[in-house]
Amino acid sequence: MNTVATTSETIWRDRGNGLLFVGLMAFAVFQLAQLAPIKALSISPLVLGIVCGMLYGNLLRGTMPAEWGVGVHFAARRLLRIAVALYGLNISIQQIIDVGAPGVVVSIGVAVGVLGLGTWLGTRWLRLDRDTAMLTAAGSAICGAAAVLAFESTLRSVPHKSAVAVATVVLFGTISMFLYPVLYGVGWLPFDGTALGIFLGGSIHEVAQVVAAASNIDPATTEVATIVKMTRVALLVPLLLVIGLWLQRRDASLTGNKAKLPVPWFAIWFLIFAIVNSLGVIPESTLEMLRAFDIFLLTMAMTALGIETRFAQMRAAGPRVLALAAVLFVVLFGLTSGLVMLVS
């Protein structure tokens, strides 16, 4: 009994130390973001967080006790979802209505189109196995690493295939997170206002990456982009149900109806917080503090994601998987652009 209690205390202590370490790094990132040259470029603390985290995780990771990794992982996964859920305090139901049908059309078109095309290209053109192709396509089409892990449960895939798919999400999601604000800044993206938010929400892989990219532009774009991205996230469950039924018919050894379908609870809480914000029951001063705190949590999460990212993962992903992810990156850009022009 004492051994169990001691082990539990050790885990909680290591988690706390890891979270404190990430928190201190995020605080340093915030101070860095206030420097005049960086502030003039409108670089978000979220973007700086993942850059600093990646540099530390690959060049200096030996300086952090390995036991603190549980806290870093907690920040990169659980804290990330908490922070995204709290971001609902920036959104109101009226804003969701204002985005309306165009955002929904783009979200459905991107999720279904990229998932289907990516699976076909991966299996037929690049000769990848079905699971690897579908996991990689799901990460690009829906919501990044969360979609990969959710599809792994339904496909009953082996873990290393998910790891490869997640690595491609990190790589190309990070590229889009940095690239699209730059393209907008130099006038190479033919969108503005709501259309730009729909494009960012429809074309970038992870929720946090969408928030990071859009936050480099303006709050209104961030709100629209986040709403559209959360619409893509909400499509995870129905798509998993369809895939499960398809696999059940195609492969008798897979009991798709018994597969546990992970519900993205952070999307549900995002909507709950948006409703609370819409009701106007929270004083504006309190809202401002909560929103500032949420940005700090998002910065912590992005810093932790950077720490956990290994350049070796990118190399280990293999040329065919990277080729599929690269093609889907281009498809995401082209398909989302076309859909936005169509519905705008």
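Helix axes are lines fitted to C-alpha atoms over the stretch in contact, and angles run from 0 to 180 degrees between N-to-C directions. Keep that in mind for the exercises below. The model is predicted.

**Exercise 1. Describe how α6 and α7 pack.**

Step 1. Locate the helices. Helix α6 covers residues 130–143, and helix α7 covers residues 145–155.

Step 2. Read the geometry. The two axes lie 7 Å apart, at an angle of about 140°.

Step 3. Classify the angle. Roughly antiparallel needs an angle over 145 degrees, and roughly perpendicular runs from 65 to 115. The pair α6 and α7 is therefore oblique.

Step 4. Add the hand. α6 and α7 make a right-handed crossing.

Step 5. List the contact residues. From α6 come D131, M134, L135, A138, G139, I142 and C143. From α7 come A145, A146, A147, V148, F151, E152 and L155.

Step 6. Sort them by class. The contact of α6 with α7 holds 11 nonpolar residues, one polar and two charged. Gly counts as polar, while Asp and Glu count as charged.

**Exercise 2. Work out the orientation of α4 and α13, then find the residues that meet.**

Step 1. Take the numbers. Helix α13 spans residues 265–279. Its axis and that of α4 come within 7 Å and cross at roughly 25°.

Step 2. Classify. Angles under 35 degrees count as roughly parallel, so α4 is roughly parallel to α13.

Step 3. Give the hand. The crossing of α4 and α13 is right-handed.

Step 4. Match the two sides. α4 brings R81, I82, V84, A85 and L86. α13 brings W265, F266, W269, F270 and F273.

Step 5. Count by class. Nine residues in the contact of α4 with α13 are nonpolar, none is polar and one is charged.

**Exercise 3. Find the largest cavity and say what surrounds it.**

Step 1. Search. Rolling a probe the size of a water molecule over the atoms shows where empty space is left. Across the whole structure, one cavity of 30 Å³ or more turns up.

Step 2. Give the volume. The largest cavity holds about 70 Å³ of space.

Step 3. Name the lining. The residues are L80, R81, V84, C143, A146, E206, V207, A208 and F266.

Step 4. Sort the lining by class. Seven of its residues are nonpolar, none is polar and two are charged.

Step 5. Assign helices. α4 (69–86) and α10 (207–215) each supply at least two lining residues. Which helix gives the most? α4 does, with three residues.

Step 6. Link back. R81 and V84 of α4 and F266 of α13 take part in the α4 and α13 contact, and R81, V84 and F266 also line the largest cavity. C143 of α6 and A146 of α7 belong to the α6 and α7 contact, and C143 and A146 line the largest cavity too.

How values were computed
Residues numbered from 1 in each chain as written. Predicted model: local features only at pLDDT ≥ 70, side-chain atom pairs only at ≥ 80, totals over all residues. Heavy atoms only, no water. 1 Å grid on protein atoms, 1.4 Å probe; cavity = no way out; pocket = protein on both sides within 12 Å on 5 of 7 lines; lining within 4 Å. Points joined across faces, edges and corners; volume = space filled by probe spheres on them. Helix = DSSP H or I, 4+ residues; strand = E, 2+ residues; numbered from the N terminus. Left-handed = near helix turned anticlockwise from the far one by under 90°. Contact = heavy atoms within 4.5 Å.
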